[in-house]
Amino acid sequence: MNPSLESVLQHPGIWRGDRRAQTAEAALPTGFAALDALLPGGGWPRGALTELLLARQGIGELRLLMPALAQLPETDGWLAWVAPPYVPYAAALAAAGIDLKRLVVAKPPTEADAWWTAEQALRSGACGALLAWLRAPDERRMRRLQLAAETGHAWGVLFRHARAAHERSPAALRLLLEPAADGLAVHILKRRGGPVSQPVVVALPQAGAARRPRRTAPVLSLVQA
């Protein structure tokens, strides 16, 4: 191979369809070795958007994210949740190791405000991770989130219904989640580095099993726009 071409192919922004891609930024380990082994960089992609697709809420999608959220260093800034469908259970988050002092929950009044809030949080550089439950997604809006995550070097997670699995998406990583015995079956629909034909089954920790709850009553920072 031409040395110049080989040099170009080593750039972390270039990936080939026959192998896992390198990542420009250090990935965040998921806490599940079998899943890390299949993800570019060995974990959740920073500076990019991840889609989690599921047929119904509450199948363990948050427990899949908790190990990574709990290990985000304080220097990464805030953990932002935008438009969650339910009020987060602070005691369970604290038990999973989430630093509640860094957690901000935003409930914007309109869908447009919710998309704007998510984009600004990702772009700000002040959030290490953002979780968003946004309705009426389209390719333009999602591309803006992907670009904002790149700009802010943040890990963005967007929850969507499983029926969107066949739609086009600019997200760097797309996972379809299904319940499985003692855990989740994770189908990797899209990653930088080619598709994965078989799902990986991860065993989820039981809620509240990670750490003993704090004795003081946990609190959340709720933002009403």
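Does Trp-155 count as buried or exposed, and at what relative accessibility? In this predicted model, Trp-155 counts as buried, at 1% relative accessibility, and it makes a convenient starting point for the tour.

**First stop: the aromatic pairs**

Select Trp-155 together with Trp-44, which is likewise buried, with a relative accessible area of 0%. Three aromatic pairs are counted in the structure, and these two residues form a stacked one, with 5.4 Å from centre to centre and 25° between the planes. Trp-44 sits in the loop between helix H2 (33-36) and strand E1 (48-54), while Trp-155 belongs to strand E5 (residues 155-161), so that the pair links distant parts of the chain, 111 residues apart.

Next, select Trp-81 and Trp-133, whose ring centres are 5.6 Å apart and whose planes stand at 50°, which makes the pair tilted. Because Trp-81 lies in strand E2 (residues 78-82) and Trp-133 in strand E4 (residues 127-133), this pair ties together parts that are 52 residues apart in sequence. Trp-81 is buried, with a relative accessible area of 4%, and Trp-133 also counts as buried, at 13% relative accessibility. Adding Phe-159 to the selection completes one aromatic cluster, formed by Trp-81, Trp-133 and Phe-159.

**Second stop: the second largest pocket**

Keep Phe-159 selected and add Gln-57, Leu-134, Arg-160 and His-161, since these five are the closest to the centre of the second largest pocket among the 19 residues that line it. The volume of this pocket is about 350 Å³, and the largest share of its lining, three residues, comes from E5. By class, the lining comprises 11 nonpolar, two polar and six charged residues.

**Third stop: the salt bridges**

From the pocket, stay on Arg-160 and add Glu-51, whose side chain meets that of Arg-160 in a salt bridge (3.0 Å, N to O). Arg-160 in strand E5 and Glu-51 in strand E1 are 109 residues apart, and both are buried. Glu-51 also meets Arg-174 in a salt bridge (2.8 Å, N to O), and here the partners, Arg-174 in strand E6 (residues 173-180) and Glu-51 in strand E1, are 123 residues apart. With Glu-167 added, the selection shows a network of salt bridges that links Glu-51, Arg-160, Glu-167 and Arg-174.

Finally, among the nine salt bridges of the structure, select the one between Asp-76 and Arg-46, where the closest N and O atoms are 2.9 Å apart. Asp-76 lies in the loop between helix H3 (61-71) and E2, and Arg-46 in the loop between H2 and E1, so this pair ties together parts that are 30 residues apart in sequence. Arg-46 counts as partly exposed, at 21% relative accessibility.

Key
Residues are numbered from 1 along each chain as its sequence is written. This is a predicted model: local features need pLDDT of at least 70, side-chain atom pairs count only at pLDDT 80 or more; totals for chains, interfaces and linings use all residues. Side-chain values use heavy atoms; hydrogens and water are left out. Rings of Phe, Tyr and Trp (its six-membered ring) pair if their centres lie within 6.5 Å; planes under 30 degrees apart count as stacked, over 60 as edge-to-face and the rest as tilted. Helices (H or I, at least four residues) and strands (E, at least two) are DSSP runs, numbered from the N terminus. Buried means under 20% relative accessible area, exposed over 50%, partly exposed in between (1.4 Å probe, protein chains only). On a 1 Å grid over the protein atoms alone, a cavity is a set of points where a 1.4 Å probe fits but cannot get out, and a pocket is an open set with protein on both sides within 12 Å along at least five of seven lines; lining residues have an atom within 4 Å of a point. Grid points are joined across faces, edges and corners, and a volume is the space filled by probe spheres set on the points. Ala, Val, Leu, Ile, Met, Phe, Trp, Tyr, Cys and Pro count as nonpolar, Asp, Glu, Lys and Arg as charged, and the others, Gly among them, as polar. A salt bridge is a side-chain nitrogen of Lys or Arg within 4 Å of a carboxyl oxygen of Asp or Glu.
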